[in-house]
Amino acid sequence: MAEAQAQKLNALRIDRSVHPRRKLAHRWPLWAGLAVLLLLALAAATLGRAPSVQVAEVREARPGEQQTELTAAGYVASRRHSVIAPQVAGRLVEVAVDEGDAVEEGQVLARLDDRDAQVAVARARAELRAAQQRLIAARATATRARSDLRRAEQLAKANVITRASLEEAQALARASSAEEQAASAQLEAARRAAEAAALQLSHTVVRAPFSGTVVRKLADEGAVLAPAALEQENIGGIVELVDLGALEVEAEVSEEQLPRIELGQPALVFLDAYPDKAFRAKVRSVRPAIDRSKATADVNVAFEEIPPGVLPDMGSRVAFLKEELPPDALEKNDAALRVPAAAVVQSGEQSVVWVVQDGRVKRQPVQVARKVGDEVALAQGPAPGTQVVVAPEGNLRPGRKVKVRTEAG
């Protein structure tokens, strides 16, 4: 009977192992749907994100490109450039020039308060006059002592005076002669002191050390200045003076390219302020030192004729040429435009570039004339200044929005 009851109880027991599987079987389409939706959202976000592209501008050919050995960036500088500061400390009472003024060598630029220097000059001159009087008195005493000595020597020979009287006359003559020499030395010292005081007074007037143009005014009346410190060029400065007749370009050339530079080598200078013009120049010197932080050396390139309107610190680019250009070379313009070779890609049988306009790209056919270094010359293509994509990727489509980054360097 007990066995029969156990069978009845087992029949009534619920098997719970079947229901979780049934629940999971009912839920898996929901999870799969969520996963598909998530993948679709990620794909839409990826496709909708604007790709970042590197661009370069279509440019016109520069004169002398075929003869260019190498190019280097630089800036305009002057061979004569100085921050003018006083040689003595003092309060500035006058600045006689302003920015942009042309000055001649020796012209007064500024004046310091000279009252203390005037007092020092007056005192030195008084001491000089006193030293002169002392010397006059000492000379008179020495002259009288020498005369007394000669008389004593004559009297001693005649045995009129004693030996002691002669020795006393000799001692007086030596003493008066020493006093005369001391007075003469004091006079010389007083004369040098007067010259030094006058020199200090002259230093209160600041003059131009060379002819040039005032490019910056560094101090105004009332400023208390100290002599310029060697470690800091602008400490105590009054004006910055530049000789605009000695302008040249300082170009930074990498050390591995230096063997390609020679003194007197012809060059062309392209100024950022005048991008459509080229100016003839020659290598004047190579600074015999390497900048360790940049591994470059400064090459000084002198203009054949300094262009009007050129100012110090203007940005420039120097093309070092293999040979001198013909006289009319700068008058001729190469009509072909230049773009990086990596910007031109093939689309079927057609050469095209991807043009960036209003943040979107479009494809534009071009006609390649020839390859020039890492660029190509275009016989037909976009206008100068147009931005084109460098090394375009396959995900570009006409009208697609892009994020632009300019070409490095």
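Reply: Let's start with a word we will need for the helices: two residues are in contact when they have heavy atoms within 4.5 Å of each other. Please keep in mind that this is a predicted model.

Me: Thanks! Which elements do the buried residues of α4 pack against?

Reply: Using that idea of contact, they pack against α3 (115-157) and β8. To follow this on the structure, you also need the cut-off for buried, which is under 20% relative accessible area. In α4, the buried residues include Leu166, Ala169, Ala173, Ser176 and Glu180. Further along α4, Ala183, Leu187, Ala190, Ala194, Ala197 and Leu201 are buried too.

Me: And from the other side, what do the buried residues of α3 pack against?

Reply: They pack against α4. Look for Ala117, Val121, Ala124, Leu128 and Ala131, which are among the buried residues of α3. Leu135, Ala138, Ala142, Ala145, Leu149 and Ala152 are also buried there.

Me: How many residues does each helix have, and what span does each reach?

Reply: A good way to read a helix is to compare its end-to-end reach with the span expected at 1.5 Å a residue. α3 has 43 residues and reaches 63 Å from first C-alpha to last, close to the expected 63 Å. α4, with 40 residues, reaches 59 Å, close to the 58 Å expected. Just after α3, look at Asn159, whose phi is positive, near 60°.

Me: What lies at the other end of α4, between that helix and β8?

Reply: The loop between α4 (163-202) and β8 (205-207) holds Thr204.

Me: Why does Thr204 count as buried?

Reply: Thr204 counts as buried because its relative accessible area is 6%, and the cut-off is under 20%. Leaving aside neighbours within four places in sequence, Thr204 is in contact with Val88, Ala110, Arg111, Leu112, Asp113, Asp114 and Ala117. You have met Ala117 already, as one of the buried residues of α3.

Me: Now the strands. How should I read their pairing?

Reply: Strands of a sheet pair through backbone hydrogen bonds, either parallel or antiparallel. Here, 6 strands close into a barrel, with antiparallel pairing, in the order β3-β12-β15-β14-β13-β16. From one strand to the next, the twist averages 40°.

Me: How many bridges join β16 to β3, and how many to β13?

Reply: β3 and β16 run antiparallel and are joined by 7 bridges. Two places to look are Leu70, whose bridge partner in β16 is Phe320, and Gly74, which stands opposite Ser316. With β13, β16 pairs in the antiparallel sense over 5 bridges, and there Phe270 has Arg317 as its bridge partner.

Me: Is β16 mostly covered or mostly open?

Reply: β16 is mostly covered, with 5 of its 7 residues buried.

Me: Where are the nonpolar side chains gathered?

Reply: In soluble globular proteins, nonpolar side chains tend to be buried together. In this model, the largest nonpolar core has 21 residues, and Val269, Val301, Val318 and Phe320 have the most contacts inside it. The elements that give it two or more residues are β3 (68-78), β12 (247-254), β13 (266-271), β14 (274-286), β15 (296-303) and β16 (315-321). Its largest share, 4 residues, comes from β12. A second, separate core has 18 residues, including Val88, Val97, Leu109 and Leu241. Val88 is familiar as a contact of Thr204.

Me: Which strands lie at the edges of the open sheet?

Reply: An edge strand is read from its pairing on one side only, and here the edges are β2 (59-60) and β21 (367-372). The sheet has 4 strands in the order β2-β17-β22-β21, with antiparallel pairing. β21 and β22 (residues 375-380) run antiparallel and are joined by 5 bridges. Val372 has Glu375 in β22 as its bridge partner.

Me: What sits in the loop between β2 and β3?

Reply: Ala61 is found there. Ala61 counts as buried because its relative accessibility is 15%. Ala61 and Ala377 are 316 residues apart in sequence, yet 8.4 Å apart in space, C-alpha to C-alpha.

Me: What does the chain as a whole come to in helices and strands?

Reply: The chain comes to 4 helices and 24 strands. Of its 409 residues, 33% count as buried. Among contacts with a separation of 6 or more, 75% join residues 24 or more positions apart. The chain exposes about 25800 Å², of which carbon and sulfur atoms supply 52%.

Key: Residues numbered from 1 in each chain as written. Predicted model: local features only at pLDDT ≥ 70, side-chain atom pairs only at ≥ 80, totals over all residues. Heavy atoms only, no water. Core = buried A, V, L, I, M, F, W, Y, C linked by side-chain atoms within 4.5 Å. Buried < 20%, exposed > 50% of the residue type's maximum accessible area, 1.4 Å probe, protein only. Pairing = 2+ DSSP bridges. Areas by Shrake-Rupley, 256 points an atom, 1.4 Å probe, with all protein chains shown as cover. Axes fitted to C-alpha atoms, helices over the stretch in contact; angles between N-to-C directions. Expected span 1.5 Å × (residues − 1).
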